[in-house]
4 protein chains.
Amino acid sequence: MPAEERRRREALYRHGGAAWPVGAQAWRAAAAEVLARNHFDWIEGGAGEEWTLEANREAFKRWRLRPRMLAGNSSRDLGVDVLGTRCPAPFMLAPIGGQTVVHPEGELATARAAAAAEIPMVVSTAASHRVEDVAGALGDAPRWYQLYWVSDQDVTQSFLRRAVSVGCEAIVLTIDSPRLGWRDRDLRNAYNPHLEGHGIGQYTSDPVFRSRLARPPEEDERAAGAAMVKMFPNASLTWNHLAWLREQTRLPLLVKGVLTAEDARLARDTGMDGGIVSNHGARQLDGEVAALDALPEVRDELGPDATILVDSGIRRGTDIVKALALGADAVLVGRPYLYGLAVGGDAGVAQVLRALAEEVDLALGLVGAHGATSVDRSFVTEAPR
Amino acid sequence: MPAEERRRREALYRHGGAAWPVGAQAWRAAAAEVLARNHFDWIEGGAGEEWTLEANREAFKRWRLRPRMLAGNSSRDLGVDVLGTRCPAPFMLAPIGGQTVVHPEGELATARAAAAAEIPMVVSTAASHRVEDVAGALGDAPRWYQLYWVSDQDVTQSFLRRAVSVGCEAIVLTIDSPRLGWRDRDLRNAYNPHLEGHGIGQYTSDPVFRSRLARPPEEDERAAGAAMVKMFPNASLTWNHLAWLREQTRLPLLVKGVLTAEDARLARDTGMDGGIVSNHGARQLDGEVAALDALPEVRDELGPDATILVDSGIRRGTDIVKALALGADAVLVGRPYLYGLAVGGDAGVAQVLRALAEEVDLALGLVGAHGATSVDRSFVTEAPR
Amino acid sequence: MPAEERRRREALYRHGGAAWPVGAQAWRAAAAEVLARNHFDWIEGGAGEEWTLEANREAFKRWRLRPRMLAGNSSRDLGVDVLGTRCPAPFMLAPIGGQTVVHPEGELATARAAAAAEIPMVVSTAASHRVEDVAGALGDAPRWYQLYWVSDQDVTQSFLRRAVSVGCEAIVLTIDSPRLGWRDRDLRNAYNPHLEGHGIGQYTSDPVFRSRLARPPEEDERAAGAAMVKMFPNASLTWNHLAWLREQTRLPLLVKGVLTAEDARLARDTGMDGGIVSNHGARQLDGEVAALDALPEVRDELGPDATILVDSGIRRGTDIVKALALGADAVLVGRPYLYGLAVGGDAGVAQVLRALAEEVDLALGLVGAHGATSVDRSFVTEAPR
Amino acid sequence: MPAEERRRREALYRHGGAAWPVGAQAWRAAAAEVLARNHFDWIEGGAGEEWTLEANREAFKRWRLRPRMLAGNSSRDLGVDVLGTRCPAPFMLAPIGGQTVVHPEGELATARAAAAAEIPMVVSTAASHRVEDVAGALGDAPRWYQLYWVSDQDVTQSFLRRAVSVGCEAIVLTIDSPRLGWRDRDLRNAYNPHLEGHGIGQYTSDPVFRSRLARPPEEDERAAGAAMVKMFPNASLTWNHLAWLREQTRLPLLVKGVLTAEDARLARDTGMDGGIVSNHGARQLDGEVAALDALPEVRDELGPDATILVDSGIRRGTDIVKALALGADAVLVGRPYLYGLAVGGDAGVAQVLRALAEEVDLALGLVGAHGATSVDRSFVTEAPR
């Protein structure tokens, strides 16, 4: 859709001239309309045959709620506290890089909406905007930082320092991406997200990263992208390396990408403060297990006191309640807010977050729970057969 | 379809110029043709992604009949007695409000058809017509009353008194709707059923409800609707409150919306006379269990002597026989008769009820049962895998 | 398709101007082309929602073959002996009435093809043609008789005598049809098979049946049809009545329509010589179990020596091999030969039977069996999940 | 597509004027475009209803990967050693005959691509080209020979000698094809692959085979085809005959077509060096088990030291990793390289092989494995339900 027409449509939504979409699928359809196909494919697509993309949703469909009536839950406490960070509803904004390909204002628009709702945002290392700018847009709102541990450790350390200096309250180390996944759609589109939109601002603004370049990124965007692509893969990392990370900061550390009891145990044994059960929105390894299906295994391994989040496949409030019932302390929401961003900028993100919180509240109400922390496994059952 | 054309088509059906649809899907298609889309969506739609809507049907499909031959059942007793109310076939008309959006004559047409067939009708608190008028249309036929326990207890009490005074033989308290479910279709259509058709006649005719309004509803329909919407949610209710209800009437009391053994036990322990296993036709909490899947759990919890009904997902006579086999004493039929009402007014409802009774009779005949009360769990098995 | 065009097409097939269809679905498509929709619906349709129609096929799909290689089975004995009747391949022609609606020559064409292949035909009580004429077309080929035990026992007895007198070698009593099933398609088409094609020749040729009519059927076809429809339902029959049948003939007696271990036991205890596991091609009670799914239960109940056949859902040679593996001594094939009859008259039936025998032979060859009687349960396994 | 247009398109791909397809389905679609329908059907189709064709893919979908993070696997050894043959990645090229119907250069193009990638090729007895010519195109690259043990044992022996003389390192005896499967598509197309393309060069070049013909195949192609078709079926073979084969050569012997523990045991007991779990790409016996589903059973029967390969249904790198996890030492890839051959000749095959190796490498990387031999059953789990 031409930029002009797109702006006109966004304005219509903002000023009440058009009703916001209802439900994640309608949001997705609306996003598909405004975005160029290659950009939409980039946010929507999964790895390979997209079997895991499909499995992520099927898992939520397979688990069913067992509601209790007359629970006397006229007021419900949606809030959760995750490692000291207060969430007004049991979800945060998942770390997603390069959001300027979705909307010209990218992470800044997302941050404004998150701040207005006081919903914590996990800022991505791959952001189009500098973390300092995103932090500015967040104001006083809570924020976490998602870290890619690139093979140039000084750059990694620099990212970490900057995150701390802008008040990030926890560090989320992504461990499922030693290399980028094989995404058929992007390969077909010859899509290089790093060269789209405003590029990789968090990298190109980093003093250590810049020191690695022959010329400033402003003068040679391609070389900067290449440098980033070169240092991104870091398959030599092992659990033993986490001791170094542990020394760098007192902030809570979480690992994102835990899909087995084996890794859950390793995360605990290496001193991590929490784990995020995730398959990276099905964008890394096609054919791997659905995130929700891995959640009970991870919770069972770590026990009731561990901090466990989940993402990948969450679209509706009822999904969130199911995740809570299966052992999540909170969830990360990803694509839904990207759809909102595509369709309506910060106002779109705000609407998505608002509807999602309302859906969670209503689902808790109807399932008979008094709050986000009072949903246990007795509230779900697997579909027969 | 324009009203004129719709009347012409209904007349054709009535006078034999067109054959009635055969099978629930054909009825639904015919209803979809005559109704405006927003009205059709309102009766057809489920909550959220409509996963539970789909699950309700799948559950019936998953259970399969094990027929016995040469049973010598040349005459079959279709009738059941439910808490003293005689049903000529093992089903009643489920409580559905606002039927004037389906057909101008609404509940009155439904009542005439129910009366002609002597099939008990459960009149809804949300009816477009006053219960006194519906009762008049029912003549001597049996009737039950579905109660929404609104937060204004005096209004609730008034509803109850009126129900008793028009001869309702049992009270069905709906417990699955402390708030209205999240229905994507209606939200998209910005659909307010209370302002459609003849409105909420049962409320606006109620003396206590009227006393709460600044102006009579005839003068300010919107304010009346708002008052209704305001008092509808009543999430503060608990099982303990049922003692009050128990004191108000000697009529049999049933709770509608039981989906777990836990709630079944609570219903029994609070002195309820029966339970209706229901997910409100999948209109309340998307992702919850299919009603039929909850039925064996509830029956197992309460034992063979408890009175248990089921609704949600019933479309054909074989569905009813499966429900009986899984432990229901009788079922409530909802959407099927709405389709009939849409297509042919009272004659359409009558045809739907007639066909359904015939289907039940034939299914009992072919399954080798001597009557509605002689079908036990040995008559069903789950589909392999 | 107009009769002229249809004849032209049939001639093309017969004289090699067009290749016969390959595979049951292609045959069905070809039959759908030549038949009027209401006739095609009559042969193709199942009861109700056609869930059992679908289940019949799914059951064959769910069971998978476990082939053994290098079995040294260069020649395979396809033949089976069923209660003294020799079958050159492990299947017979299922009893199907009213075949003149499928092709003008009806059962006579079918019989000629069966005779040429020496495949036993089970002649139906509801045949368009007199059993004497069908027997004539069969020549010396083996035949069984399918009996509907109508409520006028003298007529039943007359049918039986006629069957014996034309050399039928066994009697198959259909026990799953105390009344006709509820078939949506036929109800929509207001289809009365008894008044289509050449009508119900086996009835109208019966002296006892004729004696019940006020006027000969040649003069009042409708009255004859009505008399047949009136005496058809016979739900008063019980297993105890089988003693009478047992006394009438020394021929082997089989009951067709056994779907449970309970009924299998009753059949054995009442002296039946064999049972046919069948749901009447899914035409009687929708939602009942798939025939193939009932087969192991029946075989387990009756032990290895009992005579057990199966029908309902068989379309390919591999289906037949799976049925043998799950305990059938032979199978009845229905719709496939009707498709052949529709498309090519006796030549079409012959082609269907020939291809099916070839498929069975090839499947036995590839599965590593030396013959139809050497396939046991180790040759199948259920699909995972 | 006309040959001229097809050559133009191939040239475009070769010279970078068009991007190669990404993912097996895109390759298949591209192949379907360039090939005549009957040729495409021949390579794509399965036996009968194609239920096993579907089951082969479903099995890969059902098994899900359980990845381990931070495995420190920055370099991965993709290679495997199979009975002395080095594979740079854990796959070989499956034996496929008659490749000139896919591309004019047929097996020669395939061989050049295999040689360039040093990926072992299993040359088929049914090849369009003489094994001597294929061997020439392979240069020094590793090769195996797939043997059809035809009923004329002298011909079989001649094939074997020729294979040995051109340096084949192992013999793969196909045991699942005592006769050709029933393939609906080919029967409908009246397709005779032996008379298409360059015909059956491996046969027609064989001195012993030629000695069986009245006239040289160059003069009477049909008679040569008929002679081949006549000697092809060899259902009299048993496991006992393998002793003769064992005596003929010291090369490793594998049997291809093992689908049960029973046959696995027989293969071991008859001195075979390895087994290939395969259902012939679902082209032989429809309705049989998926190859991947048979793999764990075969591995469990033979223990960890046996040499076991698998084919049938492999399309992506993740499929290969799953096969390794379930017990395969390596896999054979079939249709994927045929798609490449159809679309781009040797360059197309090379691209398919390159992408597949990259996919395997990436999948091993993301699953946390250090190489092809370090993936065990703990890396997979079946999808719930």
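Buried means under 20% relative accessible area, exposed means over 50%, and partly exposed lies in between (1.4 Å probe, protein chains only). This is a predicted model, in which local features need pLDDT of at least 70 and side-chain atom pairs count only at pLDDT 80 or more, while totals for chains, interfaces and linings use all residues. Residues are numbered from 1 along each chain as its sequence is written, chains are lettered from A and ligands numbered from 1 in the order in which they are written, and side-chain values use heavy atoms, with hydrogens and water left out.

**Exercise 1. Classify the two residues of the salt bridge between A:E262 and D:R66 by burial.**

Step 1. Start with the pair: the side chains of A:E262 and D:R66 meet at 2.8 Å, N to O. A salt bridge here is a side-chain nitrogen of Lys or Arg within 4 Å of a carboxyl oxygen of Asp or Glu.

Step 2. Place the partners. A:E262 sits in helix 13 (residues 261-269) of chain A, and D:R66 in the loop between strand 1 (63-65) and strand 2 (80-82) of chain D, so the pair crosses between chains. Helices (H or I, at least four residues) and strands (E, at least two) are DSSP runs, numbered from the N terminus.

Step 3. Apply the cut-offs. D:R66 is buried because its relative accessible area is 11%, whereas A:E262 counts as partly exposed because its value is 22%.

**Exercise 2. Find what parts of chain A are linked by the salt bridge of A:R76 and A:D361.**

Step 1. The closest N and O atoms of A:R76 and A:D361 are 2.8 Å apart.

Step 2. A:R76 lies in the loop between strand 1 (63-65) and strand 2 (80-82) of chain A, and A:D361 in helix 16 (residues 335-367) of chain A, 285 residues apart.

Step 3. A:R76 counts as buried because its relative accessibility is 16%; A:D361 counts as buried because its value is 18%.

**Exercise 3. Describe the interface of chain C and chain B by residues, area and salt bridges.**

Step 1. Take the residues: 41 of chain C are in contact with 36 of chain B, where contact means heavy atoms within 4.5 Å.

Step 2. Turn to area. About 3200 Å² is buried between chain C and chain B, and carbon and sulfur atoms give 60% of that. Buried area is the accessible area (1.4 Å probe) that two parts lose on being put together, summed over both.

Step 3. Add the charged pairs: there are nine salt bridges between chain C and chain B. B:R68 pairs with C:E262 in a salt bridge whose closest N and O atoms are 3.7 Å apart.

**Exercise 4. Which residues touch the most other members of the largest nonpolar core, and which helix gives its largest share?**

Step 1. Define the core: a set of buried Ala, Val, Leu, Ile, Met, Phe, Trp, Tyr and Cys residues joined through side-chain atoms within 4.5 Å.

Step 2. The largest such core has 138 residues, and D:F91 and D:Y203 touch the most other members. Its largest share, 19 residues, comes from helix 16 (residues 335-367) of chain D.

Step 3. Look around D:Y203. Leaving aside neighbours within four places in sequence, the contacts of D:Y203 include D:Y148, D:F159, D:F209, D:M228 and D:F232.
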